[in-house]
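Here is a short briefing on one protein–ligand model. Look at the structure first, then read the points below.

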Amino acid sequence: GVKLIIDTDPGVDDALAIALAALSPDVDLLGVTTVFGNVPVATTTRNARGLLQLCGRPDVPVAQGAERPLVRPNPEYSRNVHGEDGLSGQAGALPAPERAPDETDAVSLLLSLLEAADEPVTLAPIGPMTNIALLLAAHPGIRAKIGRIVAMGGALEFGNKTPSAEFNIWADPEAAHRVLVEESVPLVLVPLDLTHKCAVDAAWLDRLGESGAVGAALKSMTGDYLGYYRQALGFEGIVIHDAVAIAEAIKPGILATTSYPVEVDIGLGPARGTTLVDRRTPRRESSSRVVDIALDTDFDGLRSFMLDGITGGRR
Ligand code: BDR
Ligand code: CA
């Protein structure tokens, strides 16, 4: 199976993404690192640990990472979308983790897991990219151990945090610039343009809820999030951005990608945090880094893959 490390800020869609990786057959989930983002990092760490326990995976190490972006002051969190506790008020219902808290920090855990790996590892950042930027800046040699990065982030048409910026990139644009533009590790970017088209509806959520105790707990975490998306989508459903990226991480090729030159706006103006993707035709000469951007999939097939992975997996 795919060897995978998730860097995350749970977060309702992060919760479903973690469950997908933790419960799908044939995934070797080596570790989970946490970052500030939807809520403060102490909370994302608690949530990640509780979620892995819920999934029966106390074997997976969790290490806490950055509490703020690389350069600019702390951004706003995203409590209006994910709830005060990041999980629509349901974090308190998570089981107490059996595993003692890992003493190490995120960059150290990433480094040791990568060093120990005997085959290329997929890194999946589904929050701000601060930990990944720090890792690559401090330990450039470790690049060779990363097969590819599959990141949820960015927007081509319109943003969700600002008119043009997507939340994960906006929350630490300098880190995203480092990872997306300045580095050379093969990278798949899963932007809002695709994740919105992969929204799941009430019937999908009902099937999740009826699948057993874990599914019911996960469904209960979608409460506040559903309210937010009721307005954003105009129908009863949610966008599970991060689970879409994890689907690609664990089943390479489930998303169809196209290569485009990309830049990240790190200016302090209104476009800060925007991913600028050059889709002009005919193709122009570009000195920008070319990354694979996921823009299409078999939508129903993907929704089934995510549901089956979360509900029919290891348990
Ligand atoms: C991204 O922002 C967060 O709120 C979600 O968890 C996801 O990673 C979507 O823009
Ligand atoms: Ca996230």
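Start in the loop between H1 and E2, where aspartate 26 is found. Its phi is near 70°, a positive value in a residue other than glycine. Most residues other than glycine have a negative phi, and most peptide bonds are trans. This is a predicted model, and the notes below cover its confidence, its backbone exceptions, its sheet and its ligand shell.

**Confidence and record**
- The protein chain has a mean pLDDT of 95. Of its residues, 99% reach 70 or more.
- For the complex, the predictor gives an ipTM of 0.99 and a pTM of 0.97.
- An unreviewed UniProt entry annotates residues 4–300 as "domain: Inosine/uridine-preferring nucleoside hydrolase".
- Over residues 4–300, helix makes up 37% of the chain and strand 20%. The end C-alpha atoms of that stretch are 24 Å apart.

**Cis peptide bonds**
- Proline 10 and glycine 11 are joined by a cis peptide bond, with omega near -5°.
- Glycine 11 sits in the loop between E1 and H1. Gly11 is also among the closest residues to ligand 1.
- The bond between threonine 281 and proline 282 is cis as well, with omega about -10°.
- Proline 282 belongs to the loop between E10 and E11.

**Ligand shell**
- Ligand 1 is surrounded by 15 residues. The closest are Gly11, Asp13, Ser78, Phe167 and His241.
- Three elements give two or more residues to this shell: helix H1 (12–23), helix H6 (167–171) and helix H12 (241–250).
- By type, the shell holds four nonpolar, seven polar and four charged residues.

**The nine-stranded sheet**
- Nine strands form an open sheet with mixed pairing, in the order E3-E2-E1-E4-E5-E6-E11-E9-E10.
- Strand E3 (62–64) and strand E10 (275–277) are at the edges with a single partner strand each, so one side of each has no neighbour in the sheet.
- On average, neighbouring strands of the sheet are turned by 30° against each other, direction ignored.
- Strands of a sheet pair through backbone hydrogen bonds, either parallel or antiparallel.

**Pairing at E11**
- Strand E6 (residues 187–190) and strand E11 (residues 289–297) run parallel and are joined by two bridges.
- In that pairing, leucine 189 has isoleucine 293 of E11 as its bridge partner.
- Strand E9 (residues 255–264) runs antiparallel to E11, with eight bridges between them.
- Leucine 255 stands opposite threonine 297 in E11.

**A helix across the sheet**
- Helix H4 (residues 106–116) lies across strand E1 (2–8), strand E2 (27–34), E3, strand E4 (121–125) and strand E5 (146–152).
- H4 runs at about 160° to E2.

Key
Residues are numbered from 1 along each chain as its sequence is written. Chains are lettered from A and ligands numbered from 1 in the order in which they are written. This is a predicted model: local features need pLDDT of at least 70, side-chain atom pairs count only at pLDDT 80 or more; totals for chains, interfaces and linings use all residues. A residue is near a molecule or strand if its C-beta atom, placed from the backbone, lies within 6 Å of it. Helices (H or I, at least four residues) and strands (E, at least two) are DSSP runs, numbered from the N terminus. Ala, Val, Leu, Ile, Met, Phe, Trp, Tyr, Cys and Pro count as nonpolar, Asp, Glu, Lys and Arg as charged, and the others, Gly among them, as polar. UniProt positions are given in the numbering used here, feature names are shortened, and annotations may be inferred rather than shown by experiment. pLDDT is the predictor's confidence in each residue, from 0 to 100. Two strands pair if DSSP finds at least two bridges between them. Axes are lines fitted to C-alpha atoms, for helices over the stretch in contact, and angles run from 0 to 180 degrees between N-to-C directions. Two residues are in contact if their C-beta atoms, placed from the backbone, lie within 7 Å.
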